[in-house]
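Notebook open, viewer running. I want to go through the strands, the ligand site and the charged pairs, one at a time.

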Amino acid sequence: MGSCGDRAVGVRGLPDRAQHARRVRESRPRRHRRRERHRHGAAPPARGGGDAARIAGHTRWPARRARAEHRRRHHRRSRGRRRARDVRVPRGERDRERPHALGCAADRRARAHVRSRPVRCRGGPHGVEGARVIEIVGLTKSYGEHRAVDGLDLRIETGELTVLLGPSGAGKTTVLRCINRLIEPTSGRILVDGVDASTLDPVELRRSMGYVIQNVGLFPNMTIRENVAAVPRLLGWDKKRTAERVEEMLDAVGLDPARYGPKYPRQLSGGEAQRVGVARALAADPPVLLMDEPFGAVDPLTRERLQKLMRDLQRRLKKTVVFVTHDIDEAVLLADRIALMRDGRLEQHDTPEAMWRRPANEFVSRFFGENLGLRVIIRHCLADVRLKPLPDGAPDLPRIDAGVSLKEALAELVGRRARALVVVRDGSPVGLFDFDVLVESLAEESACDAR
Ligand SMILES: Nc1ncnc2c1ncn2[C@@H]1O[C@H](COP(=O)(O)OP(=O)(O)O)[C@@H](O)[C@H]1O
Ligand SMILES: [Mg+2]
């Protein structure tokens, strides 16, 4: 029988030369053997990016690489077995035989495939290019006995920003990852513009859905410009169009392309990196955007700026956005509709206003607490509320644009320690904003509620 580390096999004896080679190999220090094993057989170091890398279209690359790796191991194993009939083989040796020839070729083929293959999304009314509405029908995802998502029905409307809200562990991320098929449901269906997502090519599906996650997952070895250009390049856009789009997207997220384009992700702050993440997700102009706690890891001030950026972008772009968060303020600020989840189930799906006025159950009222009314009100635009008339003459008060939210107006009022603000539209004063306006707006909303 062989010693520990050797395969226990029937030995018919090795030819002299082979015995000598084996002795030489075994006499090498262990660290050399480990280094060789890594060089020849081990999986390559991760290129960074995780899910985002897969989403950005590198999906095929690591998947094929994994398959190649599997084949390589399998190949080695079966050869090992064949040889095992005749010889005693120390464990490390098998890894060094004909080192990863199969893996290398497969890797090369996979990379060439990604580079050369023009990605054609299925167009037309049922193709992913035209996808806008996402319908989730009876979605269940189980992990063993535990149901992370439990019979979820949810319709996410065209051009709306739907927030998946709920406590940690409610199943929000699981739903998002089922939508872009990073994970497959246990049962139920997801329809993308009426087409069952399980019948679509997952890579094409993902490329039609921008994806932003916490800590972004930018490719660390690519510049910011290359990061943002990743999906357009995979989609076969020409250089000029890609370059223009990269500039446009960096501008849109408030980063100067000349300054930030050549930098690497490690040279950015958390907030800047998150902006790049948004720019990258939007670069190929996908009709759907999936965002999983995208601003969860940045400081409160940066977070507020990013939320504002997101709100303004969405007003312009009108994507179908599914935005996961557990932050009520963020949800109320951004959402056209909120889908409130608990334990994998949907508690209520409605506009923030409707949830405030007509909470579906005790859990919903408790989850939002006392302040939902105020939260809902302050997301309104100054232009939407009944302002006080202007006094005669030009009042000596700070001015504020009618396009800002009540939240910003309130912050300005408090910050400036002013008794009122003059609201200006297109350069002309249109009314006064003060605390009374806010209180009356709240009262009016409550009256609507009573009606
Ligand atoms: N890969 C997994 N294996 C086992 N359990 C998981 C896995 N992913 C998620 N879960 C469980 O499913 C539940 C929902 O997870 P998740 O969707 O991440 O929640 P949320 O995003 O709302 O915080 C949690 O209880 C979590 O522990
Ligand atoms: Mg989550």
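**Hairpin.** I started at the turn of the S1 and S2 hairpin, where two residues sit between the strands and Gly 144 takes a positive phi near 60°. A caveat for everything here: this is a predicted model. I then traced the two arms. S1 covers residues 134-143 and S2 covers residues 146-156, and they pair in the antiparallel sense over seven bridges. I looked up Ile 136 and found Leu 154 as its bridge partner in S2.

S1 has another neighbour. Five bridges join S1 to strand S4 (residues 187-192), and these two also run antiparallel. Which residue of S4 is the bridge partner of Ile 136? I find Ile 190 there. So Ile 136 has a partner in S2, Leu 154, and one in S4, Ile 190. Reminder to self: strands of a sheet pair through backbone hydrogen bonds, either parallel or antiparallel.

**Ligand 1.** Next I listed what surrounds ligand 1. From the earlier part of the chain I noted Tyr 143, His 146 and Ala 148, among others. Tyr 143 falls within S1 and His 146 within S2, going by the strand limits. The surroundings also include the run Pro 167, Ser 168, Gly 169, Ala 170, Gly 171, Lys 172, Thr 173 and Thr 174.

I checked three polar distances to ligand oxygens. A backbone N or O atom of Ala 170 lies 3.0 Å from an oxygen of ligand 1. For Gly 171, a backbone N or O atom comes to 2.9 Å from a ligand oxygen. Lys 172 uses its side chain instead: a polar atom there is 2.9 Å from an oxygen of ligand 1.

**Three-stranded sheet.** Moving on to another sheet, I read the order as S11-S12-S13, an open sheet with mixed pairing. S11 and S13 are the edges, each pairing on one side only. The twist averages 40° from one strand to the next. S12 (residues 421-425) and S13 run antiparallel, with five bridges between them. I picked out one pair: Arg 425 is bridged to Ser 428 in S13. I also found helix H17 (residues 406-416) lying across S11, S12 and S13, at about 75° to S13.

**Salt bridges.** The structure holds 25 of them, and I looked at three pairs.

Arg 342 and Glu 347 meet through their side chains at 3.2 Å, N to O. Arg 342 is partly exposed at 31% relative accessible area, whereas Glu 347 is buried at 18%.

Glu 353 and Arg 379 form a salt bridge at 3.5 Å, N to O. Glu 353 lies in helix H14 (residues 352-357) and Arg 379 in the loop between H16 and S11, so the pair ties together parts 26 residues apart in sequence. Are the two ends buried or exposed? Glu 353 is buried because its relative accessibility is 14%, and Arg 379 is buried at 18%.

Lys 388 and Asp 434 have their closest N and O atoms 2.6 Å apart. Lys 388 is in the loop between H16 and S11, Asp 434 in the loop between S13 and helix H18 (435-450), and they are 46 residues apart. Lys 388 is partly exposed at 28%, while Asp 434 is buried at 9%.

Last entry: Lys 308, Arg 311, Asp 312, Arg 315 and Glu 408 join into one network through salt bridges that share partners.

Methods:
Residues are numbered from 1 along each chain as its sequence is written. Chains are lettered from A and ligands numbered from 1 in the order in which they are written. This is a predicted model: local features need pLDDT of at least 70, side-chain atom pairs count only at pLDDT 80 or more; totals for chains, interfaces and linings use all residues. Side-chain values use heavy atoms; hydrogens and water are left out. A salt bridge is a side-chain nitrogen of Lys or Arg within 4 Å of a carboxyl oxygen of Asp or Glu. Buried means under 20% relative accessible area, exposed over 50%, partly exposed in between (1.4 Å probe, protein chains only). Helices (H or I, at least four residues) and strands (E, at least two) are DSSP runs, numbered from the N terminus. Two strands pair if DSSP finds at least two bridges between them. Axes are lines fitted to C-alpha atoms, for helices over the stretch in contact, and angles run from 0 to 180 degrees between N-to-C directions. Contact means heavy atoms within 4.5 Å. A residue is near a molecule or strand if one of its heavy atoms lies within 4 Å of it. A polar contact is a pair of N or O atoms within 3.5 Å; within protein, one must be able to donate a hydrogen and the other to accept it, and residues adjacent in sequence count only if both atoms are side-chain atoms.
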